Amino acid sequence: MRLSPAALLPLGWHPADWSPGNVQKWILWTEHQYRLPQIGKSFQELSGKDLCAMSEEQFCQRSPACGDILHAHLDIWKSAAWMKEKAAPGDVRYCGGDAGWADSEVDSSCAGQPIHLWQFLKELLLKPHNYGRFIRWLNKEKGIFKIEDSAQVARLWGIRKNRPAMNYDKLSRSIRQYYKKGIIRKPDISQRLVYQFVHPV
């Protein structure tokens, strides 16, 4: 049985606003969606703000088997909330932790928090006038995209992360790490340099 996130949590809420009850509902949905072991007890009494302030290492300490998966999917929810809020000019958003309030024009990661590769790829895809030669949607509704110029995408990622030695071999290894986390996968009809976001935001 797959539970709809909309049936469990009010879409548009930033995870930092979740009550402990909302946190448990989100964990329940994630358990069902990805067939994870029951892990809710490891996160009892935590609010959304507590959850957002935790690092991936802290998630793994509470749940060694799937803390990394849970942390990755919390990032997806935060990104989705941010994108909804960015659509309303002048709004501000709360990132949780020590980041405090940040202007809605800040890039996809919350101020003071590192950006993840999947977020960076979506940033490029959202700016086709600037980056359409390097990466583009094949089917935006299904989250399918193609990297047209792998060297340029790797170079841009290296600049963003201040890693001059970044190349596409390293970047593609990072993309493959998302397969087991259920964030990115290869589409049903596999093509070179074509990927699909599992849950398009």
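This report walks through the sheet, the cores, two buried residues and the salt bridges of a predicted model.

A few ground rules come from the setup. Residues are numbered from 1 along each chain as its sequence is written, and side-chain values use heavy atoms, with hydrogens and water left out. Because this is a predicted model, local features need pLDDT of at least 70 and side-chain atom pairs count only at pLDDT 80 or more, while totals for chains, interfaces and linings use all residues.

**The sheet**

Let's start with the strands. Helices (H or I, at least four residues) and strands (E, at least two) are DSSP runs, numbered from the N terminus. Two strands pair if DSSP finds at least two bridges between them. On that basis there is an open sheet of 4 strands, ordered S3-S4-S6-S5, with antiparallel pairing. S3 and strand S5 (184-185) sit at the edges with a single partner strand each, so one side of each has no neighbour in the sheet.

Strand S3 (residues 135-139) and S4 run antiparallel and are joined by 4 bridges. Within that pairing, Arg 136 has Lys 146 in S4 as its bridge partner, and Asn 139 stands opposite Ile 144 in S4. S3 and S4 make a hairpin with 4 residues between them, and Gly 143 in the turn has a positive phi of about 75°.

**Helix H6 and the cores**

What lies across S3, S4, S5 and S6? That is H6, running at about 85° to S3; axes here are lines fitted to C-alpha atoms, for helices over the stretch in contact, and angles run from 0 to 180 degrees between N-to-C directions. Buried means under 20% relative accessible area, exposed over 50%, and partly exposed in between (1.4 Å probe, protein chains only). By that yardstick 9 of the 9 residues of H6 are buried, so the helix is largely enclosed by the rest of the structure. Polar and charged residues are on that list too: Gln 119, Lys 122 and Glu 123 of H6 are among the buried ones.

A nonpolar core is a set of buried Ala, Val, Leu, Ile, Met, Phe, Trp, Tyr and Cys residues joined through side-chain atoms within 4.5 Å. The largest one has 27 residues, and Leu 121, Ile 147, Leu 171, Ile 175 and Ile 184 touch the most other members. Elements giving two or more residues to this core include helix H5 (67-86), helix H6 (117-125), helix H9 (168-181) and strand S6 (194-197). H6 supplies the largest share, 6 residues.

Ile 147 shows how this core is put together. Leaving aside neighbours within four places in sequence, Ile 147 is in contact (heavy atoms within 4.5 Å) with Phe 134, Ile 135, Val 153, Tyr 168, Ile 175, Leu 193 and Tyr 195. There's also a second, separate core of 18 residues that includes Val 23, Trp 29, Phe 43 and Trp 77.

**Two buried residues**

Ile 39 is in the loop between helix H2 (20-34) and helix H3 (48-52). Is Ile 39 buried or exposed? Ile 39 counts as buried, because its relative accessibility is 6%. Beyond its neighbours within four places in sequence, Ile 39 is in contact with Ile 27, Glu 31, Ser 63, Cys 66 and Leu 70. The C-alpha atoms of Ile 39 and Ala 65 are separated by 9.3 Å, though the two are 26 residues apart along the chain.

Asp 75, in helix H5, is buried as well, at 7% relative accessibility. Its side chain makes a polar contact of 2.5 Å with that of His 116. A polar contact is a pair of N or O atoms within 3.5 Å; within protein, one must be able to donate a hydrogen and the other to accept it, and residues adjacent in sequence count only if both atoms are side-chain atoms. With neighbours within four places in sequence set aside, Asp 75 is in contact with His 116, Trp 118 and Gln 119.

**Salt bridges**

Searching the whole structure turns up 5 salt bridges, each a side-chain nitrogen of Lys or Arg within 4 Å of a carboxyl oxygen of Asp or Glu. Three of them are tabulated here.

| Pair | N to O distance |
|---|---|
| Lys 180 and Asp 68 | 3.9 Å |
| Glu 148 and Arg 136 | 2.4 Å |
| Asp 188 and Arg 185 | 3.3 Å |

Lys 180 lies in helix H9 and Asp 68 in helix H5, so their salt bridge ties together parts 112 residues apart in sequence. Lys 180 is exposed at 58% relative accessibility, whereas Asp 68 is buried at 14%.
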